[in-house]
Amino acid sequence: MNDNEEPRVTIIVGRVWRSDSAPAERINVLLRAPDDDSAVRMTLEALAREGYSRAELDQIGELEGMPDEEPHMSAWQGAIEGEIAIVQVG
């Protein structure tokens, strides 16, 4: 990465459940990972630590720059700093 390039942040879109009887929650996960497989593994581990019993990850991609609106702006900054940010969306 060049000094003038923004760091790459991966976004994963999916749904999670806290239990089999709980309703699904839509989430976006923002993180930095060396590849897609690592990003998925790291996401599943973070979701388990947060108490989710089931996850369906629907889409993975890369953000092009910092988002313009919260809560994704803060999540992007957290990902840049090494956090795995979980954002509930709807």
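**Helix H1, strand E3 and their salt bridges**

Arg15 counts as partly exposed, because its relative accessibility is 28%, a value that falls between the limits for buried (under 20% relative accessible area) and exposed (over 50%), taken with a 1.4 Å probe and the protein chains only. The model is a predicted one, in which local features need pLDDT of at least 70 and side-chain atom pairs count only at pLDDT 80 or more, while totals for chains, interfaces and linings use all residues. Residues are numbered from 1 along each chain as its sequence is written, and side-chain values use heavy atoms, with hydrogens and water left out.

The partner of Arg15 is Asp58, with which Arg15 forms a salt bridge whose closest N and O atoms are 3.4 Å apart. This contact joins distant parts of the chain, since Asp58 belongs to strand E3 and Arg15 to strand E1, 43 residues apart. Asp58 is likewise classed as partly exposed, because its relative accessibility is 47%. A salt bridge here is a side-chain nitrogen of Lys or Arg within 4 Å of a carboxyl oxygen of Asp or Glu, and helices (H or I, at least four residues) and strands (E, at least two) are DSSP runs numbered from the N terminus.

The structure holds 6 salt bridges. Among them is the one between Arg8 and Glu62, where the closest N and O atoms lie 3.2 Å apart. Here too distant parts of the chain are linked, with Arg8 in the segment before E1 and Glu62 in strand E3, 54 residues apart. Arg8 counts as exposed because its relative accessibility is 54%, whereas Glu62, with a relative accessible area of 44%, is partly exposed. The segment before E1 also contains Glu6, which is partly exposed because its relative accessible area is 45%. Although Glu6 and Gly65 are 59 residues apart along the chain, their C-alpha atoms are separated by 6.7 Å.

We turn next to the helix. The 14 residues of helix H1 (residues 36–49) should span 20 Å at 1.5 Å a residue, and the C-alpha atoms at its ends are indeed 20 Å apart, so the two values agree; the expected span is 1.5 Å times one less than the number of residues. Within H1, the buried residues are Ser38, Ala39, Thr43, Ala46 and Leu47. Viewed down the helix axis, these buried residues fall within an arc of 160°, so they line one face of H1, the arc being that of the directions from the axis to the C-beta atoms. Their cover includes strands E1 (9–17), E2 (25–31), E3 and E4 (85–88), contact meaning heavy atoms within 4.5 Å.

H1 also carries a salt bridge of its own, in which the side chains of Glu45 and Arg41 meet at 3.7 Å, N to O. Both residues lie in H1, 4 residues apart, about one turn of the helix. An α-helix has 3.6 residues a turn, so residues three or four places apart point the same way. Glu45 is partly exposed because its relative accessible area is 38%, and Arg41 is partly exposed because its relative accessibility is 43%. Elsewhere, salt bridges that share partners join Arg15, Arg54, Glu56 and Asp58 into one network.

Ile60 lies in strand E3 (residues 54–63), and it counts as partly exposed because its relative accessibility is 32%. Together with Val40 and Leu44, Ile60 forms a nonpolar patch on the surface, with about 200 Å² of accessible area in all. Patches are made of residues with over 30% relative accessible area and no salt bridge, like charges being joined within 9 Å and nonpolar side chains (Val, Leu, Ile, Met, Phe, Trp, Tyr) within 5 Å; accessible areas come from the Shrake-Rupley method with a 1.4 Å probe, and for residues only the protein chains shown count as cover.
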